[in-house]
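Reader: Could you walk me through this structure, one small question at a time?

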Amino acid sequence: MKFILNMAWREMRASWRRLSLFFLCIAIGVGSIVSLRSMVQNMRAAVGRDARVMYACDVQVGSNQPWTPEVEAVVARYFDSPLVAAHTEVKGTQTMIRSVKDPNAPPIMVLLLGVQEQYPLYGEIQLTDGARYAHSMLRGYGILLTSGLMTQLGLKIGDEVNLGLLTFTVRGAIENMPGYGVISRPLPRVLVDYADAPEAGLTIFDSFMWARLFKAREGKDQALRRQLERDLRPHRSYWLGSFRGMQNFANQVLERMEAQLSLAGLVILILGGIGISSVTRVFIQQKMKTIAILKCLGGDNRHVLGAYLAQALALCVVGSLLGLLFAGAMTLVIARLFDGVLPFQVEAGLTWRAALQGIGVGALVTLLFSLPSLLEIRLVKPMLVMRQNMAGEKRRIDWLSLGVGLLIVLALFALTSYQASSLRIGGIFIGMLVGTALVLNLIGAGLMRLLRRARRLPSFVLRQGVGSLYRPGNQTKMILIAVGLGTLFVTAMRLHQANLKRELNVDLSLAAADMYLFDIQIDQRQAVEETVMRLAGAAPEIIPVVRARLVEIKRAPDYSQPLKRADLNKFGREHRVTYKSDLARDDETVVAGKLWEPTPGAEPEVSVEYIQGRDYNPAVGDLMIFDLTERCIAAKVTSVRRRMEGFSVTSDYFRFGIIFRPGALEDEPQIFASAFKGPPPGAHRAQLQRELVDSFPNVLSLDVYDHAAVIRKKLNDVSLAVNFLSVFVFLCGVLILTGSVAMTKIHRLYEAAILKTLGAEKKLIVYITLIEYGVLGLLAGVTGSTAAIALTWLYSKYGVKAPWQLIPSINLIGVAAALLLVMTVGVFSNWEVMTKKPLGILREE
Amino acid sequence: MIDLANVSKTVTSGSEKLTILHAVYLSIPRGQFVAVVGPSGSGKSTLLSLVAGLDYPTTGDIRLDGECITQMKEDKLARLRGVKVGFIFQSFHLITSLTAYENILVPMEIAGLPRARERAQLLLDEVGLRERGHHYPSQLSGGEQQRVAIARAFSNNPAILLADEPTGNLDSKNGGRVFDLLVKLNRDRSTTLLLVTHDHALASQADRVISLNEGRIVSDEATGRMADAAPESDSTLHTAEEA
């Protein structure tokens, strides 16, 4: 053991320059994993902390109809329950607010919340200028508005506003308010007293929502929720929610995000592994003589292999520590990048869990990627000290290497699956890694065999350049595999990022519709259309909305097993549905079944949206039974749609989970909703809003121009983060591949020095190098880039089930970049021999 | 001490088989200093590497101290070398990443000998490189490097010392100095020394000189020194033809 440790230290001391790339690969790999994981874990902790405050309570019972006496009785029983610490009720509605002093200013749609004295049960309402909130501020028709809304309406404290049928006095401006999850709508919020709310809201279709909020005693929130759920089960028309649901939802979003970030970390890690593998291989090749000497001096494989393995692990530990420093800096940068993108504060800094995970993963990657090269030590014969060239000796099948290779593949599969939190994604990654490595290996072998035959080449430069690809000591396979795999993962990452950005851009274009109208009656439809045409200059999209209650789902194929009641509740009973002949939205794709022809169908058909994480998602062939006002209909699911990921708060208004084929709902009672792009902010927009409010007082209009601007900003922030990750992965890849290719120079230096001694000019050596490295760069680039297409397609289709599109420009850039990188590094790594006298190099040899 | 019976070595070059050492019978008693001479390609180094267990013979048996090494696995051979065999090479073969002192230390560390550091320092003194112990091979002259190699070869007190043209890369002055050191240390420790050399003057200082040509032993002569030294046991030699 003493020898192993001493030898490892001495070798590291002597070879630190050569091993710096090894060290760097680990530092980059560990650093990126730790920083990306730390960030998500910090976010998750923040979500846990903030979830109660965001929800303003522990458990909430809500309804969009006045409480039925039965539900009210059940809820009232809990007021004195030992599980409950406090409770309060909130009444909310969407309504229009208008400034009294400027009646010509356009009204703004807001979410009106009527609150009682106990509200909020968690967190506190913060007012601007440090003023303290007290419920008494709301009494006697007082109102609190968000500071942004105050600015928008040009209001100050003491001004009056019209809200429905009443006039309220502004008593304060809200800086920050808990309860984001209470009656969640993407609208500015205003607070009034609970008693004033009914008069302030217009009594319209689906206008009011009631929510009874409970604060549970310490540790009793889950018991409270369970009991409420049990007691309310026999009743209809309520919803039951918990802050844990919000936490879970946020955690789900974070998990998806973590998966994306882990993917980037994984790619960097594999690139790092490729670097480690290349460095170890070249290092061991250079150490052949030392290994042979050690074996002559009595060192058996345990001693020698142990010394170099200890060296690799020691480098891994130091590299990992550097990686942690690097990760600390990265979290600072990332926290800044995501600042404002998320609804909670992200803390910079590392978590212990992520740090330990990173070091563990780093050690495993080091071991896995360096082991194949280290095992070559066993095959080094001590005879090498007597006879330099032993290349001609035939090798038998090395079963140990094969077995270890298999173990390495399995371990890498486990590691990638763990990193990506998915066995399928792990399988795709490792399958592609191993498959591409095998293809590159075959290409390398085929190339060498082919070139050996092509002896009659017309010029010396060509003969030398091509000869370097197959002569003893060639680096053909090594460069092909390192660069090919590097190109694969860097290009795949870029392709995936481009697809992700495309999804975000689709949503950005949807945000182009910045005005929405709801509750248009059938006899108002034409007039609304004409008004919008006249003042906005374009025809609005108008769609019918029918309310349908889902009473049963029978599963295909035999329909004898209806969906369990609990699952049906989870899927949702009350639905706003529409009917149309096509999707007409490019952010949705049909993932199962086929969308109907644009003609009315003989039997009712529905298309259902697939939502990841939902307990039950209907499948093609299922039968959904709806209770409409007058009758029940059974509609067969003929297609399942999936929506692209991304931010889409505004487009949610026009999003229908269930769409009917035309022909089934036309005669049902229905209202209409409309979306269109309004005139730019100013007089025309204000005129349109006034005219709509005056002509169609029952129609709710929603102006999301500012909201769309916020979304655009968020999309840009996400886009920036995506770009940052992409550039980060690209730079890591280039750095690691540069090092891997440059490491192979040792084999070329001696030859170039001999050529120079024999009279070759710099130009000649450059040409020879360009031919050798050009062929390798091109082959590696084409193979890696082609494999990247397969990898991203598999990852999109089977890994994250997202739409995928070929972006040939990225693949072509991938090939060109690989070619350029390998040729440039090849030439520059021979620079030493071109600028220095050859004697030094020959002496060293 | 060293016994070879019917040892031959054949290598394959392309489709042709080439015998570089024909069936050799050789017995070298403990403490004897044997020089092997012959022109380039005569099989001297092959003989040496077979005796060291660096390569396997095509036919025959090799015994070191009564132990047959021809069927031994690589790792066991390595351990045997660590305990019984010292090496000196023409091109020194010092480990470039280690200092002179550490190069001497390595075999003792591998073998797990106690007081290795102390012993390495003593050996450095003995070869006259006390002040050069912290230097790397690249900072030493050829003669100094070979002295370090000699110290390393003696570090484990091997019973057998194998030297492959130890002065081949040195000028005559340095070569003479290194050879004298080698002989002195060998005599002090009564090591069995098998020396391969081109230099007949050096060979004449051995107890016994074996001449090889085209893979065959063409002569095996005891020198005057051997007669004076009165060997512990009879030495025998015969080629396959004689056998």
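Below, the two of us go through its chains, contacts, helices and sheets.

Author: First, the ground rules: residues are numbered from 1 along each chain as its sequence is written, while chains are lettered from A and ligands numbered from 1 in the order in which they are written. This is a predicted model, where local features need pLDDT of at least 70 and side-chain atom pairs count only at pLDDT 80 or more, though totals for chains, interfaces and linings use all residues.

Reader: Okay, how many helices and strands does chain A have?
Author: Helices (H or I, at least four residues) and strands (E, at least two) are DSSP runs, numbered from the N terminus. Counted that way, chain A has 22 helices and 20 strands.

Reader: And what share of the residues of chain A is buried?
Author: Take buried as 20 or more other C-beta atoms within 10 Å of a residue's own, exposed as 12 or fewer, and partly exposed as in between, with C-beta atoms placed from the backbone. Chain A has 845 residues, and the share of them that count as buried is 43%.

Reader: Is T491(A) buried or exposed?
Author: You'll find T491(A) in helix α13 of chain A, residues 476–510. Its neighbours inside 10 Å number 29 C-beta atoms, so T491(A) counts as buried.

Reader: Which residues does T491(A) touch?
Author: Two residues are in contact if their C-beta atoms, placed from the backbone, lie within 7 Å. In sequence, T491(A) and L812(A) are 321 residues apart, yet their C-alpha atoms are 9.6 Å apart in space. Leaving out residues up to four places away in sequence, the ones T491(A) touches are G784(A), S785(A), A788(A), I810(A), N811(A) and G814(A).

Reader: How does W793(A) count, with its 17 C-beta neighbours?
Author: W793(A) sits in helix α19 of chain A, which spans residues 762–799. L806(A) is 13 residues along the chain from W793(A), with 8.5 Å between their C-alpha atoms. Because W793(A) has 17 C-beta neighbours inside 10 Å, it counts as partly exposed.

Reader: Which residue is the bridge partner of R549(A) in β13(A)?
Author: Strands pair if DSSP finds at least two bridges between them. Strand β12 (residues 541–554) and strand β13 (residues 574–579) of chain A run antiparallel, joined by four bridges. β13(A) also pairs with strand β18 (residues 658–660) of chain A, in the parallel sense. Back in the antiparallel pair, the partner of R549(A) is E574(A).

Reader: Over in chain B, which strands are at the edges of the open sheet?
Author: Six strands of chain B make up this open sheet, with mixed pairing, in the order β6-β7-β8-β3-β9-β10. An edge strand here pairs on one side only, and that applies to β6 and β10.

Reader: In β9(B), what is the bridge partner of V37(B)?
Author: Strand β3 (residues 33–37) and strand β9 (residues 208–213) of chain B run parallel, with four bridges between them. For V37(B), the partner in β9(B) is S211(B).

Reader: How is α3(B) placed relative to α4(B)?
Author: Axes are lines fitted to C-alpha atoms, for helices over the stretch in contact, and angles run from 0 to 180 degrees between N-to-C directions. The axes of α3 (residues 100–111) and α4 (residues 116–126) of chain B come within 9 Å and cross at roughly 130 degrees. Angles under 35 degrees count as roughly parallel, over 145 as roughly antiparallel, 65 to 115 as roughly perpendicular and the rest as oblique. That crossing angle is why α3(B) is oblique to α4(B).

Reader: What classes of residue make up the contact of α3(B) with α4(B)?
Author: Among the residues in this contact are I104(B) and M108(B) of α3(B) and A120(B) and L123(B) of α4(B). Ala, Val, Leu, Ile, Met, Phe, Trp, Tyr, Cys and Pro count as nonpolar, Asp, Glu, Lys and Arg as charged, and the others, Gly among them, as polar. The tally is nine nonpolar, no polar and three charged residues.

Reader: Which helices of chain B each supply at least two residues of the side that touches chain A?
Author: The contact between the chains takes 22 residues from chain B and 21 residues from chain A. On the chain B side, there are eleven nonpolar, five polar and six charged residues. The helices you're after are α1, α2 and α3 of chain B.
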